[in-house]
Every structure is written in structure tokens, then in C-alpha cells.
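User: I am new to this protein and would like to learn how its labels were earned. Please take me through it step by step.

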Amino acid sequence: VHVSPEAVPVVQATLVPGSYVQPQMKTHIPSGATKTKTSHPPPGVAEGGVWGTSADVGPCTITIMFIGCLLVSVFALFACCCPCDTKRAYRVNGKIYDESGTCLGHDGNVRFTPDRRRS
């Protein structure tokens, strides 16, 4: 089939001033993310603290210790000194609390990383 150049439709557009609509940007912040200062502390904990994450001995760390003990020796138990699991935590007045309000320890004893600020 041969198509001549005259048979191909060409669309030409003309920009009309004032007709352009700026797209709106909507930012979605996940429900788990909070700003650094909060008014939603865990139950029984004072307000004005910071949400973040804390290192925790959980299923991943326990699995590494178990496999390490089978392959290496009991020295793999030192993996509990470097936990690879994390959980949500709240720091206020030098103490760290989990989401249920249980005190995990003081600032110097618990590895706590505050959430980054959102601008």
C-alpha cells in the first residue's frame, strides 16, 4: 500500500494565551512518618519528644545468631551486640520509649535515630 503525503493528516496546535493550567502537586506523607516535634506521644509518655527508630534484637538478628552458631561457633552470639532489626521509638527528656509506652532505656544506652525533618 502506497500512501501519498497528501493523505497523512497533520495536526497543528496553537497556544492560546491564558489557556495553560498549571498542574497541582499533592504531597502524600505516609501515616508512619511524623515531623520531629509531635503532640502524639505513646500512651503515658510526655509530649514534646521526637519520633525515630531504635536498634532492636528481633527476628533477623536471632536468625543471624542461630545460623552463625551452626556454621561458626558460639562466638556468633556477639551478633546481639549489633542488632540489625529496628522499631519505632520516641525520645523525650533523655529516655527512649517504644510505641506502647514501654521505656527502652536512656539516651546513652539505646541506639536511637530521629526521623529526618520534612520541609
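User: Which residue in β2 stands opposite Trp51?

Analyst: That would be Tyr90. Before going further, please note that this is a predicted model, where local features need pLDDT of at least 70 and side-chain atom pairs count only at pLDDT 80 or more, while totals for chains, interfaces and linings use all residues. Residues are numbered from 1 along each chain as its sequence is written, and side-chain values use heavy atoms, leaving out hydrogens and water.

User: What makes β1 and β2 a pair, and how many bridges join them?

Analyst: Strands pair if DSSP finds at least two bridges between them. Strand β1 (residues 50-56) is joined to β2 by 7 bridges, so the definition is met. The two run antiparallel, and another of the facing positions puts Thr53 with its bridge partner Arg88 in β2.

User: How many helices and strands are there, and in what order do the elements run?

Analyst: The protein has 1 helix and 5 strands. From the N terminus, the order is β-α-β-β-β-β. These elements are DSSP runs numbered from the N terminus: helices are H or I over at least four residues, strands E over at least two. Helix α1, for instance, covers residues 59-71, so it satisfies the rule for a helix.

User: In what order do the strands lie in the sheet?

Analyst: The 5 strands make an open sheet in the order β4-β3-β2-β1-β5, with antiparallel pairing. On average, the twist from one strand to the next is 35 degrees; such angles run from 0 to 180 degrees between N-to-C directions, with axes fitted to C-alpha atoms.

User: Why are β4 and β5 called edge strands?

Analyst: Each of them pairs on one side only. For β5 the partner is β1, joined antiparallel by 3 bridges, and there Ser54 stands opposite Phe112 in β5. For β4 the partner is β3, again antiparallel over 3 bridges, with Tyr97 opposite Cys103. The hairpin of β3 and β4 has 4 residues between the strands, and Gly101 in this hairpin takes a positive phi near 95 degrees.

User: What makes the phi of Asn93 worth a mention?

Analyst: Most residues other than glycine have a negative phi. Asn93 is not a glycine, yet its phi is positive, about 55 degrees. The residue is found in the loop between β2 (85-92) and β3 (95-98).

User: Is Asn93 buried or exposed?

Analyst: Buried means under 20% relative accessible area, exposed over 50%, and partly exposed in between (1.4 Å probe, protein chains only). Asn93 reaches 71%, so it is exposed.

User: How do you know whether Gly105 is buried or exposed?

Analyst: Its relative accessibility is 14%, so Gly105 counts as buried. Gly105 lies in strand β4. Leaving aside neighbours within four places in sequence, it is in contact (heavy atoms within 4.5 Å) with Lys95, Ile96 and Val110. Of the 119 residues of the protein, 22% count as buried.

User: Why is the link from Asp115 to Arg88 called a salt bridge?

Analyst: The term needs a side-chain nitrogen of Lys or Arg within 4 Å of a carboxyl oxygen of Asp or Glu. The closest N and O atoms of Asp115 and Arg88 are 3.1 Å apart, so the pair qualifies. It links distant parts of the chain, 27 residues apart: Asp115 follows β5 (112-114), while Arg88 is in strand β2. With 21% relative accessible area, Arg88 is partly exposed.

User: How many salt bridges does the structure hold?

Analyst: There are 2. In another pair, Arg91 and Asp107 have their closest N and O atoms 3.5 Å apart. This pair spans 16 residues, from strand β2 to the loop between β4 (103-106) and β5. Both ends are partly exposed, Arg91 at 24% and Asp107 at 35%.

User: Which residues form the nonpolar patch on the surface?

Analyst: They are Phe66, Ile67, Leu70, Leu71 and Val72, with about 590 Å² of accessible area together. Areas come from the Shrake-Rupley method with a 1.4 Å probe. A nonpolar patch joins side chains of Val, Leu, Ile, Met, Phe, Trp or Tyr within 5 Å, each residue having over 30% relative accessible area and no salt bridge. Phe66, at 55%, counts as exposed.

Conventions. Patch = residues over 30% accessible without salt bridge, like charges linked within 9 Å, V, L, I, M, F, W, Y side chains within 5 Å.
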